[in-house]
Amino acid sequence: NHFVPELKRKIIQEAFWNDELHQEIVDHQIDFIFHKPDCRERCMMDIDKQRALVPYEHECHSLCKERGCGELFVTDGIWKLGYPICLFKVPITVEGMTINLPDCCPFEPEHGKLFCKKHASELKDAGIPDNLLGYARQIQKEVVATTMDCCNEDLTDEQHMALEDIFKRLNYQKKDSIATVDMQGSRELVSKYPGLLDENQEITLCRKDTGTSKRLRQWSRGYQFIISGGGHIEMFSPLYTSESPSQVFLFLVNYLAKKLEHVPVEKWKDVFIAYDNMCNLDRMKATKKDLPLPPPFNKMWSSVSKIIDSFHLRNHKGENCKLLYNPEKLKVVHENYNTQACEQTFSWLSRFHRILSSVPRVHNHFFLHRMVKKRNKYNSYCYSQGKKPVLPNVNHFSN
Ligand SMILES: [Zn+2]
Ligand SMILES: [Zn+2]
Ligand SMILES: [Zn+2]
């Protein structure tokens, strides 16, 4: 006689999002008035904005410190956790200057479409259909029809250039547009110090593949993480187009400025940053001079110690890599510091690949945020019990 509703996938999903958001609201005493159908997602976006600005905190124990917590920070990109984004281009300009950061529109495309809601309607207003085949025909460029049907196919260079042309013709430059830099939480830093990336040239001389690909369906390129030696996740940021040195640099500067506030200046040299693309990052012009930040933060980048983990260093062919970024300089002082914190965390993180690749941006960021908090809590719990956190085996050959 009782009506028992069937627990369909959709119901379970909704219950999951509602409960996770509820916990977040309770934990942080968030004030948010829910009055419209999309309020849940908007609340998630608000949380994400805050999340992008502040490093995660954790309960620290002696075992955590023994592995390098507070002194060693490892950063790396995980590429497989991307999500579809709008195909439109939004140049990032600050005070009339174009900043060398990915110019893709960071919003999710509408279901089955290539552009976000806003851009789809703007294109429509301009008389351009939002299926690109019609789009390309209109300007009589030869973009092969099959590419149009399959969103995940690679573009040839010619096709890519044809598309670039279309965007140039549209000549869209709206100053108030929300851009990748907003998703990464670095708008404030870039606007305050526009000189940070001005004459920045990215010269990639060494091994590192930063994962650029040209597909019709635009995807975000995954996430950059900063993880402390103890394995706690400090911060993460979405990557666009590729794991480019300028994005990673901005992310690190943003993070360090917050983290080093609590570290005496004379101890900055004891802070180690490990990154497998450190050589190319450190080759950027922006790193060769004082940062345009107030002292002592102008010397921040040159003060901290920079290394490449020994596993990755093997692949570096650059002459100076082994000299400048040798992990031995860390190992001689702190033998037990864990420079593989990223690989280890990513082997856990990549288990969420299937979930993350099937949810759009807002849920993607929010899910990751919730999992990171759970992971950090678990880590602290293990250390409080005198144990090392358990991790799946590291597979060095997956990225
Ligand atoms: Zn710790
Ligand atoms: Zn868009
Ligand atoms: Zn190198």
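**Exercise 1. Determine how many residues of strand 5 are buried, and place the strand in its sheet.**

Step 1. Strand 5 is mostly covered: 8 of its 8 residues are buried. A residue is buried if 20 or more other C-beta atoms lie within 10 Å of its own, exposed if 12 or fewer, and partly exposed in between, with C-beta atoms placed from the backbone. Helices (H or I, at least four residues) and strands (E, at least two) are DSSP runs, numbered from the N terminus.

Step 2. The model is predicted; local features need pLDDT of at least 70, side-chain atom pairs count only at pLDDT 80 or more, and totals for chains, interfaces and linings use all residues. Residues are numbered from 1 along each chain as its sequence is written, while chains are lettered from A and ligands numbered from 1 in the order in which they are written.

Step 3. The sheet is open and has 5 strands in the order 5-4-1-6-7, with mixed pairing. Its edges are strand 5 (233-240) and strand 7 (305-307), each of which pairs on one side only. Two strands pair if DSSP finds at least two bridges between them. On average, and with direction ignored, neighbouring strands of this sheet are turned by 20 degrees against each other. The axes behind this angle are lines fitted to C-alpha atoms, for helices over the stretch in contact, and angles run from 0 to 180 degrees between N-to-C directions.

**Exercise 2. Describe the pairing at each edge of the sheet.**

Step 1. Strand 4 (residues 220-228) and strand 5 run antiparallel and are joined by 6 bridges. Ile 227 stands opposite Ile 233 in strand 5.

Step 2. The hairpin of strand 4 and strand 5 has 4 residues between the strands, and Gly 231 takes a positive phi near 95 degrees there.

Step 3. At the other edge, strand 6 (residues 272-275) pairs with strand 7 in the parallel sense over 3 bridges. Ser 305 in strand 7 is the bridge partner of Phe 272.

**Exercise 3. Find which residues of helix 2 are buried and which are exposed.**

Step 1. Helix 2 (residues 39-51) has 13 residues and reaches 18 Å from its first C-alpha to its last, close to the 18 Å expected at 1.5 Å a residue. The expected span is 1.5 Å times one less than the number of residues.

Step 2. Met 44, Ile 47 and Arg 51 are buried. They cover an arc of only 60 degrees around the axis, which puts them on the same side of helix 2. The arc is that of the directions from the helix axis to the C-beta atoms.

Step 3. Cys 39, Lys 49 and Gln 50 are exposed on the other side of helix 2. The cover over its buried residues includes helix 1 (9-28) and helix 18 (361-384).

**Exercise 4. Classify Phe 32 and Ser 303 as buried, partly exposed or exposed, and list their contacts.**

Step 1. Phe 32 lies in the loop between helix 1 and helix 2. Phe 32 is partly exposed, because 13 other C-beta atoms lie within 10 Å.

Step 2. Leaving aside neighbours within four places in sequence, Phe 32 is in contact with Ile 25, Cys 43 and Asp 46. Contact means that the C-beta atoms of two residues, placed from the backbone, lie within 7 Å.

Step 3. Ser 303 lies in helix 12 (residues 300-303) and is partly exposed, with 18 other C-beta atoms within 10 Å. Not counting residues up to four places away in sequence, Ser 303 touches Trp 268 and Lys 269. Ser 303 and Trp 268 are 35 residues apart in sequence, and their C-alpha atoms are 5.9 Å apart.
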